[in-house]
Amino acid sequence: MTRNSSALDTAWAALRAHHAGLASTRMMSLFEADKGRFEAFSASTDGLLMDYSKCKVTVETRRLLLALAEAADVQGFRDRMFAGEAINLTENRAVLHAAIRAPKGARFTLGGQEVMADVLAMREACFAFAREVRSGKIAGAGGAFTDVVNIGIGGSDLGPVMAAEALRPFHDGPRLHFVSNVDGAHLADVLKGLDPARTLILVASKTFTTIETMTNARSARTWLARALGEQAVSNHFAAVSTAREKVEAFGIPASRMFGFWDWVGGRYSVWSSIGLPLMIAIGPERFAEFLAGGHAMDRHFREAPAEQNLPMLLGLIGIWHRNLCGHPSRAVIPYAQRLSRFPAYLQQLDMESNGKRVTREGEPVSMPTGPIVWGEPGTNGQHAFFQLIHQGTDIIPVEFLLGAKGEDDPAHKARSSEVDSGSREDFAFEKALSAHHPLLVANCLAQSQALMRGRTLAEAGGNPHRVFPGDRPSITLVFERLTPFVLGQLIALYEHRVFVEAAIWNINAYDQWGVELGKELATKLEGPVLTGEGLETLDGSTAGLIRRIRGE
């Protein structure tokens, strides 16, 4: 099947009429009318539960949304992606990030050629390097590396830094540090206190030309060479890049260069050699569990019926909220401190992918596309922006992420009677921490309940300031505990959600031309900022700002 314009028009018209008919319906009444609503409007796979029953949708809503997906040929487009077709048509590239998390035995082709042999070879090269760094076989001038500094930006930073924080309990390798901002304070703060003789620096830039990354890399090189001499550079640096000549010119041997492919977008690359710092921190075996979680979600996306398919449902509810309900943003609130960087990661994944204003054919879009994605961990957000979510004039759908058990949940230890005397103080502390998680869970569930129920004027004692309108939608994703496998599931779920929404909007989610113009202008403005020359060719505001910054 292909995209059907007539069927799409019919599907959109039916959805608009249906949405208008639900205008006077409140979510609470849907629960009152159907005691089995939770079961009817939730789906799960491999222990990951998605509850969307607190959205104003009915069986008919779901049917109409699935009809929209069929008219847009989402499933056919999905199959073309997994088959290695060049669905990134503006760059004539395939989109095969699913291959870089696939296990041995999986089959992915590009132009009729198998790609898994190259994928597995590069993965094993990264794993071998990680093992040798972790064991101390690869060491610095002062012995085994105690610290690893990853220098990258965008997809070369957001993915690894988010995953490293999420999986902190599994770290048993060198300490990780990340530098991304070209503001020199970022690099200075990270390097301060590190021992150059025991620090490994990873430079992540596919082309080895990214201006922010290479500026930071050259300064880090100066820091290391000043302390250890030029001869130490080759032993204290490694590169995630495909630009061999530039890497070698920098002083990094080709044996320490790990590449990936142009069919892997930067924001989809954490599964590849871009994940090298995470491999070093948690070890190849745990990283393989992370890959397995992503691959399991790939299988689910390809095989599960649409009405039970988590990425399909999450994407369709996103379409419902964005295009039928008119909600311009969505908040992602992980009730898991270690997922604190997950909203920022999703900002790039979603907004760089679907922040598009023309269709795949280059015509202006006929409806709003990518929403604003933002968020912070709960419970912190409750004491910051939840005021606006509950009582503000705009409705903001919320996506809650919640672990049934905490990452450090010591309940299994509490059940053990084998506590030696040397660990009693630690055990007491862990037991005290075990009281935190039920409070965290209660707060998460209370927020979604409050968004739905609200508080009437009568319930507020006649005080309008204490009225909550309620009837505000939320989705809750529940997993047992944040593990490498679960993190892989979550990332792949949101990747495929972006895909579903883009397919329905008929936009290309895999280019990012919107980042180019500012970078080009920055290169041209560097000279005037440094010298003050050429200001007469600039607009009055930019020239005036440069003069003021230069103190003229």
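Between which strand and which helix does the loop that holds threonine 379 lie? Select threonine 379 in this predicted model, and you will find that its place is in the loop between strand E13 (372-374) and helix H16 (386-391). While you are there, display the backbone, since the peptide bond from glycine 378 to threonine 379 is cis, with omega near 15 degrees.

**The open sheet**

Next, show the strands as a cartoon and pick out the open sheet of five strands, whose order is E8-E7-E9-E10-E11 and whose pairing is parallel. Its edge strands are strand E8 (175-179) and strand E11 (257-258), each of which pairs on one side only.

Select strand E9 (residues 199-204) and follow its pairing to either neighbour. Strand E7 (residues 147-151) runs parallel to E9 and is joined to it by five bridges, and aspartate 147 can be found opposite threonine 199 in E9. With strand E10 (residues 237-240), E9 pairs in the parallel sense over four bridges, and here leucine 202 has alanine 238 of E10 as its bridge partner.

Now turn on the side chains of E9. In a regular strand the side chains alternate between the two faces of the sheet. Thr199, Ile201 and Val203 point one way from E9, while Leu200, Leu202 and Ala204 point the other way, and all are buried. Because six of the six residues of E9 are buried, the strand is largely enclosed by the rest of the structure.

Moving on from E10, you reach E11, which runs parallel to E10 and is joined to it by two bridges. To locate this pairing, select valine 240, which stands opposite phenylalanine 258 in E11.

**The largest pocket**

For the next stop, select Thr210, Gly266, Gln512, Glu516 and Lys519, which, among the 36 residues that line the largest pocket, lie nearest its centre. The volume of this pocket is about 990 Å³. Helix H7 (155-166), helix H9 (211-228), helix H15 (342-354) and helix H21 (516-531) are the elements that give two or more residues to the lining of the largest pocket, and H9 gives the most, with three residues. If you colour the lining of the largest pocket by residue class, you should see twelve nonpolar, 14 polar and ten charged residues.

**The largest cavity**

Rolling a probe the size of a water molecule over the atoms shows where empty space is left. A search of the whole structure finds six cavities of 30 Å³ or more, and about 70 Å³ of space lies in the largest cavity. To see what surrounds the largest cavity, select its lining residues, Ile100, Val119, Met122, Arg123, Cys126, Trp261, Trp271, Ser272, Ser273, Met279 and Phe287. Helix H6 (residues 116-135) gives the most to this lining, with four residues. By class, the lining of the largest cavity has eight nonpolar, two polar and one charged residues.

**Helix H19**

Which residues of H19 are buried? Select His437, Leu440, Val441, Cys444, Gln447, Ser448, Leu451 and Met452 to show them. If you look down the axis of H19, these buried residues fall within an arc of 135 degrees, so they line one face of the helix. The exposed residues Pro438 and Leu439 are carried on the face of H19 turned away from its buried side.

A distance between the end C-alpha atoms of helix H19 (residues 436-453) is worth drawing here: at 1.5 Å a residue its 18 residues should span 26 Å, and these end atoms are 26 Å apart, which agrees. Just after H19, select glycine 454, which takes a positive phi of about 70 degrees.

**Two loop residues with positive phi**

Finish at two loops. Aspartate 73 lies in the loop between helix H4 (59-71) and helix H5 (74-82), and its phi is near 60 degrees, a positive value in a residue other than glycine. With a relative accessible area of 5%, aspartate 73 is buried.

Then select asparagine 506, in the loop between helix H20 (484-505) and H21. Asparagine 506 has a positive phi of about 60 degrees although it is not a glycine, and at 12% relative accessibility it counts as buried, the cut-off being under 20%.

Terms used: Residues numbered from 1 in each chain as written. Predicted model: local features only at pLDDT ≥ 70, side-chain atom pairs only at ≥ 80, totals over all residues. Heavy atoms only, no water. Expected span 1.5 Å × (residues − 1). Buried < 20%, exposed > 50% of the residue type's maximum accessible area, 1.4 Å probe, protein only. Arc of directions from axis to C-beta. 1 Å grid on protein atoms, 1.4 Å probe; cavity = no way out; pocket = protein on both sides within 12 Å on 5 of 7 lines; lining within 4 Å. Points joined across faces, edges and corners; volume = space filled by probe spheres on them. Nonpolar A, V, L, I, M, F, W, Y, C, P; charged D, E, K, R; others polar. Pairing = 2+ DSSP bridges.
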